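Q: Please choose one part of this model and take me through it closely, beginning with a single residue and working outward to what surrounds it. I would like each term explained where it first matters.

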Amino acid sequence: MTRDDIFGKVRDVLVDALAVDDDEVTPTASLVGDLGAESIDFLDIVFKLEQSFGIKIAQGELFPEGVAQDPKFVQNGKVTPEGLTALKARMPHVDFTAFEKDPQVSRVGGIFTVDALVNFVAKKLNVA
Amino acid sequence: MRWMWIDRVIELQPRLKMVAVKNVSLAEDHLHDHFASDAIHGLTALPIMPASLILEGMAQTAGILVGHAESFREKVILAKISKAELTADATPGTTLRYTAFIERMDNLGASTRGTVDLFDHAHPDRGYCPIGIIDLLFSHLDQNMSGAAFPEHNFVFGDAFKTLLRTSGIAIAE
């Protein structure tokens, strides 16, 4: 399976889970900001990715929990350098370049892009 | 039992499948306020069961199936209607049959898929005819990612649910 194949299947999952048009699902689209995902949709997306790709996704593996609630990781509404390190370690599939410039915790939703999902699945399937 | 939209559980395969039936009765108040017209049969005001209540019937069927899997310890909340398609109306004197399957479940919640069939007592030879599919997503409320706390007692599965299960011959721990 190529990266394009993965993108196609991820797009189908998001079209189904979020009731969006397929042309809205671009690599840089963020699930929350651009595609209107709500918290429960993340559970739906995990279930559908598992089904579509025949993979098993552990709780917190794709969308880590508890980081925003930890005072070591979030101070004054911003993710601390320690928090960023933790997020990067837990989410190697996410590109933090844009987020790092202004690490407001309110912007965390924006790091979950379509590309991040494709990266995640590609790593799970060992596709370069 | 005012807000029970299934009458009886007729099959339960734990963690897998549940089937329930609902008799649509003219004595139900909602049918006196919800009509469709049926020009073919010359009926201008035909009472029909609202689709939203058919959805609720499936939510109760699938919700009990999901709740039963963890012995009703989890507060199972309907979180999302993934898909709902109904192709026919349910009128008084018909029986709805809800069949729900657990598709995927973990400690955060479960997804279910379900079919709705209709039995018309005026045409018993036709048997149960498929009239729709309803796929749902349930959340286990206490496992929500925001960490919000909810009351200790399980307010989702109250006395009405317990009575229904008991009258359907399904044992539940009190």
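A: A residue is called buried if 20 or more other C-beta atoms, placed from the backbone, lie within 10 Å of its own, exposed if there are 12 or fewer, and partly exposed in between. The model is predicted, so local features need pLDDT of at least 70 and side-chain atom pairs count only at pLDDT 80 or more, while totals for chains, interfaces and linings use all residues. Residues are numbered from 1 along each chain as its sequence is written, and chains are lettered from A and ligands numbered from 1 in the order in which they are written.

The starting point is B:Lys83, which counts as partly exposed because 14 C-beta neighbours lie inside 10 Å. B:Lys83 is found in strand S5 of chain B, where strands (E, at least two residues) and helices (H or I, at least four) are DSSP runs numbered from the N terminus. Not counting residues up to four places away in sequence, B:Lys83 touches B:Ile133 and B:Asp135; a contact here puts two C-beta atoms, placed from the backbone, within 7 Å. B:His140 is 57 residues from B:Lys83 in sequence, and their C-alpha atoms are 20 Å apart in space.

B:Ile133 also appears in the pairing, as the bridge partner in S8(B) of B:Glu85. Strand S8 (residues 128-140) of chain B and S5(B) are paired in the antiparallel sense over nine bridges, two strands being paired if DSSP finds at least two bridges between them.

Both strands belong to an open sheet of six strands in chain B, which has the order S1-S2-S6-S7-S8-S5 and antiparallel pairing. Strand S1 (8-13) and strand S5 (76-86) of chain B stand at the edges with a single partner strand each, so one side of each is left without a neighbour in the sheet. On average, neighbouring strands of this sheet are turned by 20° against each other, direction ignored; the axes are lines fitted to C-alpha atoms, for helices over the stretch in contact, and angles otherwise run from 0 to 180 degrees between N-to-C directions.

Chain A reaches this sheet as well. Helix H2 (residues 39-53) of chain A lies across S5, strand S6 (94-106), strand S7 (109-120) and S8 of chain B, and runs at about 115° to S8(B). The contact between the chains takes 10 residues from chain A and 13 residues from chain B. H2 of chain A has an inward role too, since what covers the buried residues of H5(A) includes H2 and helix H1 (3-18) of chain A. Those buried residues of helix H5 (residues 114-124) include A:Val114, A:Leu117 and A:Phe120, and just after H5(A), A:Asn126 takes a positive phi of about 60°.

The interior completes the picture. A nonpolar core is a set of buried Ala, Val, Leu, Ile, Met, Phe, Trp, Tyr and Cys residues joined through C-beta atoms within 7 Å. The largest such core has 64 residues, and those with the most contacts inside it are A:Val10, B:Met58, B:Leu96 and B:Tyr98. Helix H1 (residues 51-69) of chain B gives the largest share of this core, eight residues. Leaving aside neighbours within four places in sequence, B:Tyr98 is in contact with residues including B:Ile6, B:Val19, B:Met58, B:Thr61 and B:Val116.
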